[in-house]
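User: I'd like to learn how to read pockets and overall chain shape in a model. Can you walk me through it?

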Amino acid sequence: MPTLHTVNKSPFEKTALAACLAHATAGSAVLLFEDGIYGALRGSAVADTVAAALQSVKVFALEPDVRARGFAPDRLIEGIEIVADYAGFVDLATEYSKVQAWL
Amino acid sequence: MAETKQFFYLNRKAPYGTIYAWESLEVVLIGAAFDQDVSLAFVEDGVYQLTKNQDTTGIGMKNFSPTYAALGDYDIKKVYVEQESLTERGLTLDDLQHLTWEDEDEDWAEKDSITVVSRAEMAALMDAADVVFSF
């Protein structure tokens with residue numbers, strides 16, 4: 001059963017996202033929330049890395065954290081799936097065998 | 001009256017993930033009462049503080065972003081945003097709030113508060129300041 005990885009830090013301040021993507025195996029998933037959502041935005045210096053990861057892992061972004069930071073879902077990198085709310089976060093967690101947090 | 005000093009507030013953190021952005025804003029507003037020469041600088045993730053359309057209803061936190069629009073009323077007219085920091089994040093000036101102040105010497109004409117500067121220009125601004133407050 002695959003793992004759900006979570007990242008809640010900005011990719012410009014911490015290496016959490018890079019480390020996560022470097023260790024996430026094919027078929028696993030990555031949920032970006034809190035400041036982690038900055039890694040989900042199009043056009044940034046890390047966008048190519050995230051887009052490349054989408055070839056082998058699913059990437060999700062938590063909508064309330066995206067909107068809190070001033071962005072709409074249409075600013076996300078193509079292929080990233082939106083999770084509507086924190087209840088959706090819980091539902092997602094139950095679909096994977098474990099949750100691995102990258103703090 | 002004491003000598004006026006150049007106060008330079010350096011903002012490097014995104015809002016909401018940590019308390020730094022909000023704390024900085026509080027200190028800036030308190031400091032505004034002391035009639036100093038105030039500059040605000042937004043570099044690295046600090047540029048995210050100024051994005052428009054912030055909506056925190058889904059995360060149960062106070063949206064403090066409208067407060068930036070009030071800075072002009074506190075006579076804070078110098079807001080510097082680093083171009084390189086915007087570019088690295090895929091942002092343009094259009095993603096940020098339009099901050100203004102009213103010039104009483106020109107019949108309260110509305111003027112832009114934000115100046116986008118290069119990293120080298122930002123470095124020079126830091127050098128020129130008397131006191132740098134880091135957030």
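Analyst: We'll take the pockets, then the build of one chain, keeping in mind that this is a predicted model.

User: How do I get at empty space, and what volume does the largest pocket have?

Analyst: The general idea: rolling a probe the size of a water molecule over the atoms shows where empty space is left. Here, the largest pocket comes out at about 210 Å³.

User: Which residues line the largest pocket?

Analyst: Look at chain B: the lining includes Gly31(B), Ala32(B), Asp35(B), Gln36(B), Tyr74(B), Asp75(B) and Lys78(B). Sorted by class, that lining has 4 nonpolar, 2 polar and 5 charged residues.

User: And the second largest pocket: what is its volume, and which residues line it?

Analyst: The volume is about 150 Å³. Among the lining residues are Arg67(A), Phe71(A) and Arg75(A), along with Lys52(B), Asp55(B) and Asp95(B), so you'll find residues of chains A and B there. By class, the lining splits into 2 nonpolar, 2 polar and 5 charged.

User: On to the fold. How many helices and strands does chain B have?

Analyst: Count 3 helices and 7 strands, running β-α-β-β-α-β-β-β-α-β along the sequence. With a radius of gyration of 15 Å, close to the 14 Å from the globule rule for 135 residues, chain B is as compact as a globular protein of that length.

User: What share of chain B counts as buried?

Analyst: Buried means under 20% relative accessible area. In chain B, 42% of the 135 residues count as buried. About 7100 Å² is exposed, with carbon and sulfur atoms supplying 48% of that area.

How values were computed
Residues are numbered from 1 along each chain as its sequence is written. Chains are lettered from A and ligands numbered from 1 in the order in which they are written. This is a predicted model: local features need pLDDT of at least 70, side-chain atom pairs count only at pLDDT 80 or more; totals for chains, interfaces and linings use all residues. Side-chain values use heavy atoms; hydrogens and water are left out. On a 1 Å grid over the protein atoms alone, a cavity is a set of points where a 1.4 Å probe fits but cannot get out, and a pocket is an open set with protein on both sides within 12 Å along at least five of seven lines; lining residues have an atom within 4 Å of a point. Grid points are joined across faces, edges and corners, and a volume is the space filled by probe spheres set on the points. Ala, Val, Leu, Ile, Met, Phe, Trp, Tyr, Cys and Pro count as nonpolar, Asp, Glu, Lys and Arg as charged, and the others, Gly among them, as polar. Helices (H or I, at least four residues) and strands (E, at least two) are DSSP runs, numbered from the N terminus. The radius of gyration is taken over C-alpha atoms; the globule rule is 2.2 Å times the number of residues to the power 0.38. Buried means under 20% relative accessible area, exposed over 50%, partly exposed in between (1.4 Å probe, protein chains only). Accessible areas come from the Shrake-Rupley method with a 1.4 Å probe; for residues, only the protein chains shown count as cover.
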